[in-house]
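Here is a short tour of one protein model, taken a few elements at a time. Keep the structure open beside you as you read.

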Amino acid sequence: MRLGLALGSGGARGLAHVGVLSVLEREGLEPACITGTSMGAIAGALYADRRDAEEVAALVRSYTVDPRFQSIWEPFLEEIETTEPGGFFQDLRRAIHRRILTFRAFTSPSQTGSDHLLEPLGRLYTVRRIEELKLPFAAIAVDLRSGEPRVFTRGDLVEAVYASSAIPGIFPPLAAGSDLLIDGGGPYRVPVGFCRDLGADLVVAVDIPSFASEREEYERGVDIMMRMYEIAMDRLNGLVLRDADLVVRPAVERFHWAHFREFDAIREAGEAAMRDALPELRRLLRERTRVGARLRRTIGRLVGR
């Protein structure tokens, strides 16, 4: 059985993928192929390169504490709501940050330059091309012009991972020929079908929760429009996940999507979710192996005739 791993997007919450990989490796269930979108592409490519979950964890931790990388997310962390009242200067700072982010969103294609992501990514991998990885791997991006997916299975590894991780409005798109490539996490949040295209017989999809239903107040038109986008993407993701054999959902809803400093806690959530899913995964593997063995015997008898 070729076990495939489809790692979904989710910003900092996607650090849970590191925990999922650690558990699978300890249990002797290394995937035969990996597909990833956004943070799933970053972690998946690292494992396909190193094939050592602990080394991947150390590298991702160092990646998340890179000063240039952290500087990208600080303004967004100012938006975290707290139950404690803030002082005048704290409230003023948050108001200024909100205005700066809003101004950039309407006047610039991104909040920061591509180097803030490309440079840290360039230090992560030991190979330069996807075909040099130790496991079959695909990073998923989307072309802004055509709306079609761009599936990277060959070519420059860092550019492929960048394209898959270029969050709209935060990092500039990657220009590739006539394509303008951006994070595939909208329509292709968990790349299940692409994992089967790599030859997976059984696909484990790691879905990072992003949809919350508890919010009740929508006071601005932009909030309503964004909520409609979230609803549409959640419904689309549900349809995609039906093609997975097993869906693993780490409990990471309590973390802000930009809270990369919470690496250890988010990783532990990924480990816990994968441990809980192990009995079902082993059952599926046993069942598929038995079916495959019967099919091979049947074909053998027919060919023998």
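The report below walks through helix packing, a strand, one residue of another strand and two loop residues.

## A predicted model

Please bear in mind that this model is predicted.

## Helix 1 and its contact with helix 2

Let us begin with helix 1, which spans residues 16-26 and packs against helix 2, residues 39-50. The angle between the two is about 35°, and their axes are 10 Å apart. The crossing of helix 1 over helix 2 is right-handed. On the helix 1 side, H17, L21 and E25 make the contact, while helix 2 contributes M39, G40, A43 and Y47. Sorted by class, this contact has four nonpolar residues, two polar ones and one charged one.

Helix 1 is also mostly covered, with nine of its eleven residues buried. The buried set is A16, H17, V18, G19, V20, L21, S22, V23 and L24. Two of the helix 1 contact residues, H17 and L21, thus appear in that buried set too. After helix 1 comes G28, which has a positive phi, near 70°.

## Helix 2 and helix 3

Helix 2 has a second packing partner in helix 3, residues 53-64. Here the angle is about 135° and the axes lie 9 Å apart. With that angle, helix 2 counts as oblique to helix 3. This crossing, too, is described as right-handed.

Which residues of helix 2 meet helix 3? They are I42, L46, Y47 and R50, and they face A53, E55, V56, L59, V60 and Y63 in helix 3. By class, the contact holds eight nonpolar residues, no polar ones and two charged ones. Y47 of helix 2 is worth finding on screen: it is listed in the contact with helix 1 and again in the contact with helix 3.

## Strand 7 between two partners

Now to strand 7, residues 202-206, where five of the five residues are buried, so the strand is largely enclosed by the rest of the structure. In a regular strand, side chains alternate between the two faces of the sheet. In strand 7 both faces are covered, with L202, V204 and V206 buried on one side and V203 and A205 buried on the other.

Strand 7 pairs with strand 1, residues 3-7, in the parallel sense over five bridges. Within that pairing, G4 has V203 as its bridge partner. Strand 7 also pairs with strand 8, residues 246-248, again in the parallel sense, over three bridges. There V206 stands opposite V248.

## I182 in strand 6

Strand 6 covers residues 179-183 and includes I182. Is I182 buried or exposed? Its relative accessible area is 5%, under the 20% cut-off, so I182 is buried. Beyond its neighbours within four places in sequence, I182 is in contact with A141, V142, L144, A163, A166, I167, P168, F171 and P173. The C-alpha atoms of I182 and G169, which are 13 residues apart along the chain, are separated by 9.7 Å.

## Two loop residues with positive phi

Most residues other than glycine have a negative phi. S38 is a residue other than glycine with a positive phi, near 60°. You will find S38 in the loop between strand 2 (33-36) and helix 2, and at 5% relative accessibility S38 counts as buried.

R51 also has a positive phi, near 55°. R51 sits in the loop between helix 2 and helix 3. At 38% relative accessibility, R51 counts as partly exposed.

Methods: Residues numbered from 1 in each chain as written. Predicted model: local features only at pLDDT ≥ 70, side-chain atom pairs only at ≥ 80, totals over all residues. Heavy atoms only, no water. Axes fitted to C-alpha atoms, helices over the stretch in contact; angles between N-to-C directions. Helix = DSSP H or I, 4+ residues; strand = E, 2+ residues; numbered from the N terminus. Left-handed = near helix turned anticlockwise from the far one by under 90°. Contact = heavy atoms within 4.5 Å. Nonpolar A, V, L, I, M, F, W, Y, C, P; charged D, E, K, R; others polar. Parallel < 35°, antiparallel > 145°, perpendicular 65-115°, else oblique. Buried < 20%, exposed > 50% of the residue type's maximum accessible area, 1.4 Å probe, protein only. Pairing = 2+ DSSP bridges.
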